[in-house]
Amino acid sequence: MTEATGASELRPLQVETNGINVISESERKGQPRDLFWPWFAANISVLGLSYGSFELGFGISFWQALIVGVVGIVLSFLACGFIAVAGKRGSAPTMVLSRAAFGVNGNKLPTVISWLLTVGWETVLVILATLATATVFQRLGWGGGNPTKVVALIVVVALTIFGGVMGFDLIMRLQTWITIVTGVFTVVFIALVADKIHWTAVSAIKGGTIQELIGALVFMMTGFGLGWVNCAADYSRYLPRRSSGSGVVGWTTFASSVAPIFLLLFGLLLAGSSKSLNTAIGTDPIGALATLLPTWFLVPFAIVAVLGLIGGSVLDIYSSGLALLTLGLRIPRYRAALIDGAVMTLGSIYVVFVANNFVGQFEGFLITLGVPIAAWCGVMLADIALRRRDYAEPELYTTSGRYGDIRWVPVLAVIVSTGIGWGLVTNSSASWLTWQGYLLSPFHLGGKTGAWAFANLGVLIALAIGFVVTGLLSRSAVRAEEAAPVPAPAIA
C-alpha cells in the first residue's frame, strides 16, 4: 500500500490481524498528518473543561493556572511526539520498541506499568461517560439512578471493547468522525454557557506559591501527555519509513494539545466564576457541566461527552491489549482486548456503584502511576535521542539479539527513580496512598504537611533521573548495537 493511497484503503470492518509484530512494508500507509485524527479525537473530550477546576484546586490564580496548564500540556505531548518517531523507525508497538532500551525481558517491568496505566485510564473514561449520562438523564426527568447507570455502562463498555477488538483501521475511521462531531458540539456548548463567565470573580482569585504552581504543572503533565507516552508509537508504526520525523513529532504534539488548551482556558473561566460548579465537578466532572445547559441541548451534550470519552478509551484498550501481548501472552490481539475490557468493566462497576470521591482517587491514580511512567519516559526519550539508525526489528523479539535479555542500567534507573519519586509525592484524598511522601522529611522539605507536600516533585525527578542516567550510561551500548549489521526488515 503506497503512501498516497493508504488513507483510502482502510478496512474498518475487518478485525485487525496484526498484534505486536512488525508491520510489513505492504501495510505501511498514510502520512504524518493522518496522526491528527486519532490524537485530536482522544483529547477533545469535555473532560478537558473540568481540568480548569482541578487546577484551581491547587490554590493558584487564573493566569497562573493558564500558563502552567499550557506548558504542562504542550511539554507532555511533545514527549509523545518524540516517542512516536520510534514507531515509524521500527514499525512495532511502543512497548515492543521499549525492549531496545531495557532488553527483551527487562522490558517486562515497564510493560506491566504501561498495562496498569492504560487499563486505569480506559476505566476512568468509562466511569466518566457513565456518570455523565446518568446526570443528563436525571436533568431530563428520565431517571438517572442505578438502572440508567447500568444501561449507560453497558453501552459505553460495548462501544469501547468493539473498537479495541476491531483494531487500527476502525479506530482511524472512528476517530475521524468523533473529531468532527465532538468538535462541532463542543463549540456549541461553549457558546451556550459563555454567559456563565464572570471575569470579576475569576480575576479575584489569589495567586499561589511556587510549590502550588509546580503541583499544578505536574498534575497537568500526568493528566495529559504522560498518560499517553506509553502508547505514542502504536499508531505511527503504520507510517512508511520515509515519513518525516519532524512531521510525526509536530502532528502528534499539535493534534494532542490544541483541544486541551482551548478547553482548559474555558474550563478555568467557568470554574473560577462559580464556587458551586467548582465543587460539583469534584463529584461528577462532566455531569456537573450539564447543569449549565438548557434542557434542549442536554441530549447533544450527552452524545458529545460520551463520544469524546470513548475516543480516548478506545485508544487505551487497543494499547493495553498490545501491552499484554508484549508481556508474553500468546493469544490473538482481539482476545487481549477482550481481557482488558473485562478488567475495565469490573473497575468501572466498583467506582460507579460502590466508591465515592472520584477526584481524590483520580489524582492519586495519576500521580502514583505518573512516577514510574515518567521514569520510563525519561529512559525512552534518551534512548531514542541516542539512536541514529532504525531498529534491528527481528532482534526486538529474541533475547539472543543485540538488545539482549536484561539491560540493568535502564531497569535500575526506573526502579530507583520510582522509589525516590514516590517518596516525594502525596495525596491526602486517597487513603490507600498515605504511605507516600516518606522522603519529604529526610530531604528537609517540610514533611507530609509542609509547603512542598503537594508539589509532587517526584514525577519530575523520576523523569530527569531516567533521562540523565540513560543518556550518560547507555551511550556506548547503543553505539555498539548500531555498529553491528542490521538484518533485513521483516516482510510479514
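**Notebook: burial, rings and helix packing**

**Entry 1: T326.** I began with T326, which is buried, with a relative accessible area of 4%. The under-20% cut-off for buried is what puts T326 in that class, because its value is 4%. T326 belongs to helix α15, residues 298-326. I then listed the contacts of T326 beyond four places in sequence: I20, M95, V96, R99, N107 and T111.

**Entry 2: confidence.** The model is predicted, and I checked pLDDT before going further. The protein chain has an average pLDDT of 88, and 94% of the residues reach at least 70. Over residues 1-8 the pLDDT stays under 50. For that stretch the model has 14 contacts beyond four places in sequence. Where pLDDT is low, predicted coordinates should not be read in detail. I took nothing else from residues 1-8.

**Entry 3: helix α10.** I looked up α10, which runs over residues 210-223 and has 14 residues. From first C-alpha to last, α10 reaches 20 Å, close to the 20 Å expected at 1.5 Å a residue. How many of the residues of α10 are buried? I found 12 of the 14, so I noted the helix as mostly covered. The buried residues include Q211, L213, I214 and G215. Also buried are A216, L217, V218 and F219 in α10, as are M220, M221, T222 and G223.

**Entry 4: α10 against α19.** Two packed helices are described by the angle between their axes and the distance between the axes. Helix α19 covers residues 457-473. For α10 and α19 I noted an angle of about 60° and axes 8 Å apart. That makes α10 oblique to α19. On the α10 side the residues that meet α19 are I214, V218, M221 and T222. On the α19 side they are L457, V459 and L460. An α-helix has 3.6 residues a turn, so residues three or four places apart point the same way. I kept that in mind when reading the α10 list of I214, V218, M221 and T222.

**Entry 5: aromatic rings.** I counted pairs next, and the structure holds 22 aromatic pairs. Y51 and F219 have ring centres 5.7 Å apart and planes at 40°, so I logged the pair as tilted. Where in the chain do Y51 and F219 sit? Y51 is in helix α2 (residues 47-56) and F219 is in α10. The two are 168 residues apart, and the pair links distant parts of the chain. Both Y51 and F219 are buried.

I then took F137 and W142, whose ring centres are 5.6 Å apart. Their planes stand at 85°, so this pair is edge-to-face. Are these two rings' residues buried or exposed? F137 is partly exposed, at 28% relative accessible area, and W142 counts as exposed, at 52%. The cut-off for exposed is over 50%, so W142 falls into that class at 52%.

Last on rings, I noted one aromatic cluster formed by Y51, F54, F58, F77, F219 and F224. Y51 and F219 of the tilted pair are among them.

**Entry 6: E55.** I stayed with helix α2, where E55 is placed. E55 is buried, with a relative accessible area of 0%. What does E55 contact beyond four places in sequence? The list is I60, A65, V68, G69, A216, M220, L264 and L268. A216 and M220 are also among the buried residues of α10. V68 is 13 residues from E55 along the chain, and their C-alpha atoms are separated by 9.3 Å.

**Entry 7: positive phi.** Most residues other than glycine have a negative phi. I looked up two residues with positive values. S91 has a phi near 50° and is not a glycine. S91 lies in the loop between α3 (62-90) and α4 (94-97), and S91 is buried, at 0% relative accessible area. N456, also not a glycine, has a positive phi of about 55°. Its loop runs between α18 (408-422) and α19. N456 is buried, with a relative accessible area of 4%.

**Entry 8: R387.** I closed with R387, in the loop between α17 (358-386) and α18. At 3% relative accessibility R387 counts as buried. Setting aside residues up to four places away in sequence, R387 touches R89, A100, A101, Y403, R407, V478, E481 and E482.

Note on methods. Residues are numbered from 1 along each chain as its sequence is written. This is a predicted model: local features need pLDDT of at least 70, side-chain atom pairs count only at pLDDT 80 or more; totals for chains, interfaces and linings use all residues. Side-chain values use heavy atoms; hydrogens and water are left out. pLDDT is the predictor's confidence in each residue, from 0 to 100. Contact means heavy atoms within 4.5 Å. Helices (H or I, at least four residues) and strands (E, at least two) are DSSP runs, numbered from the N terminus. The expected span of a helix is 1.5 Å times one less than its number of residues. Buried means under 20% relative accessible area, exposed over 50%, partly exposed in between (1.4 Å probe, protein chains only). Rings of Phe, Tyr and Trp (its six-membered ring) pair if their centres lie within 6.5 Å; planes under 30 degrees apart count as stacked, over 60 as edge-to-face and the rest as tilted. Axes are lines fitted to C-alpha atoms, for helices over the stretch in contact, and angles run from 0 to 180 degrees between N-to-C directions. Angles under 35 degrees count as roughly parallel, over 145 as roughly antiparallel, 65 to 115 as roughly perpendicular and the rest as oblique.
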